[in-house]
Amino acid sequence: MITFEPLQITLIKKKIPKMEFIKKVGISPSTAARMWKNEYIAMKIIDDICNTLECDLTDVIKFIPDKDALQIEDKE
């Protein structure tokens with residue numbers, strides 16, 4: 001499972017509100033909503049995010065092995 005949790009942390013560290021982030025990167029609110037739900041978005045958008053925020057890929061996404069993701073979902 002890919003999670004966008006690092007992006008949320010990056011936005012907090014850089015003091016960028018979500019709506020400002022959406023405008024700055026040039027993504028649609030529906031794309032942002034998919035990200036907050038850890039759903040698929042195009043690699044091009046991830047590239048745009050890294051370029052816009054001047055950050056590394058690990059500041060945007062994180063890989064969680066499926067067995068660990070299942071344990072997280074069970075706790076929720």
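Let me begin with how this chain is connected in space: among the contacts in the chain with a separation of 6 or more, residues 24 or more positions apart account for 63%, where contact means heavy atoms within 4.5 Å. Before going further, I should say that this is a predicted model, in which local features need pLDDT of at least 70 and side-chain atom pairs count only at pLDDT 80 or more, while totals for chains, interfaces and linings use all residues. Residues are numbered from 1 along each chain as its sequence is written, and side-chain values use heavy atoms, with hydrogens and water left out.

Now the overall layout. The secondary structure comes to five helices and two strands, and read along the sequence it follows the pattern β-α-α-α-α-β-α; here helices (H or I, at least four residues) and strands (E, at least two) are DSSP runs, numbered from the N terminus. The chain has 76 residues, of which 33% count as buried, and the cut-offs are these: buried is under 20% relative accessible area, exposed is over 50%, and partly exposed is in between, with a 1.4 Å probe and protein chains only.

Let us turn to the interior. In soluble globular proteins, nonpolar side chains tend to be buried together. In this model the largest nonpolar core has 19 residues, and those with the most contacts inside it are Leu7, Phe21, Ile27, Met35, Ile49, Leu53 and Val60; such a core is a set of buried Ala, Val, Leu, Ile, Met, Phe, Trp, Tyr and Cys residues joined through side-chain atoms within 4.5 Å. The elements α1, α2, α3 and α4 each give two or more residues to this core, and the largest share, five residues, comes from α4. Take Leu53 as an example: if we do not count residues up to four places away in sequence, Leu53 touches Leu7, Thr10, Leu11, Lys14, Ile16 and Phe21.

How do α2 and α4 pack against one another? Their axes are 10 Å apart and form an angle of about 105 degrees, where axes are lines fitted to C-alpha atoms, for helices over the stretch in contact, and angles run from 0 to 180 degrees between N-to-C directions. That makes α2 roughly perpendicular to α4, because angles of 65 to 115 degrees count as roughly perpendicular, those under 35 as roughly parallel, those over 145 as roughly antiparallel and the rest as oblique. The contact is made by Phe21, Lys24 and Val25 on the α2 side and by Asp48, Ile49, Thr52 and Leu53 on the α4 side. One of these, Thr52, is partly exposed, with a relative accessible area of 27%, and, leaving aside neighbours within four places in sequence, Thr52 is in contact with Lys24 and Val25. Thr52 and Gly26 are 26 residues apart along the chain, yet their C-alpha atoms are separated by 9.6 Å.

Two further residues help to fill in the picture. Ile45, also in helix α4, counts as buried at 17% relative accessibility, and, apart from neighbours within four places in sequence, Ile45 is in contact with Ile27 and Thr31. Ala32 lies in helix α3 and is buried, with a relative accessible area of 1%; with neighbours within four places again set aside, Ala32 is in contact with Ile22 and Ile27.

Next, the aromatic residues. The structure holds one aromatic pair, formed by Phe21 and Trp36, which is tilted, with 6.1 Å centre to centre and 45 degrees between the planes. For this purpose, rings of Phe, Tyr and Trp (its six-membered ring) pair if their centres lie within 6.5 Å, and planes under 30 degrees apart count as stacked, over 60 as edge-to-face and the rest as tilted. The pair links distant parts of the chain, since Phe21 is in helix α2 and Trp36 is in helix α3, 15 residues apart. Which of the two is buried, and which is partly exposed? Phe21 is buried, with a relative accessible area of 0%, whereas Trp36 is partly exposed at 24%.

Finally, a word on the backbone. Most residues other than glycine have a negative phi. Lys15, in the loop between α1 (5-13) and α2 (18-25), has a positive phi near 55 degrees, and Lys15 is exposed, with a relative accessible area of 72%. Asn38, in the loop between α3 (29-36) and α4 (43-53), also has a positive phi, of about 60 degrees, but Asn38 counts as partly exposed, at 28% relative accessibility.
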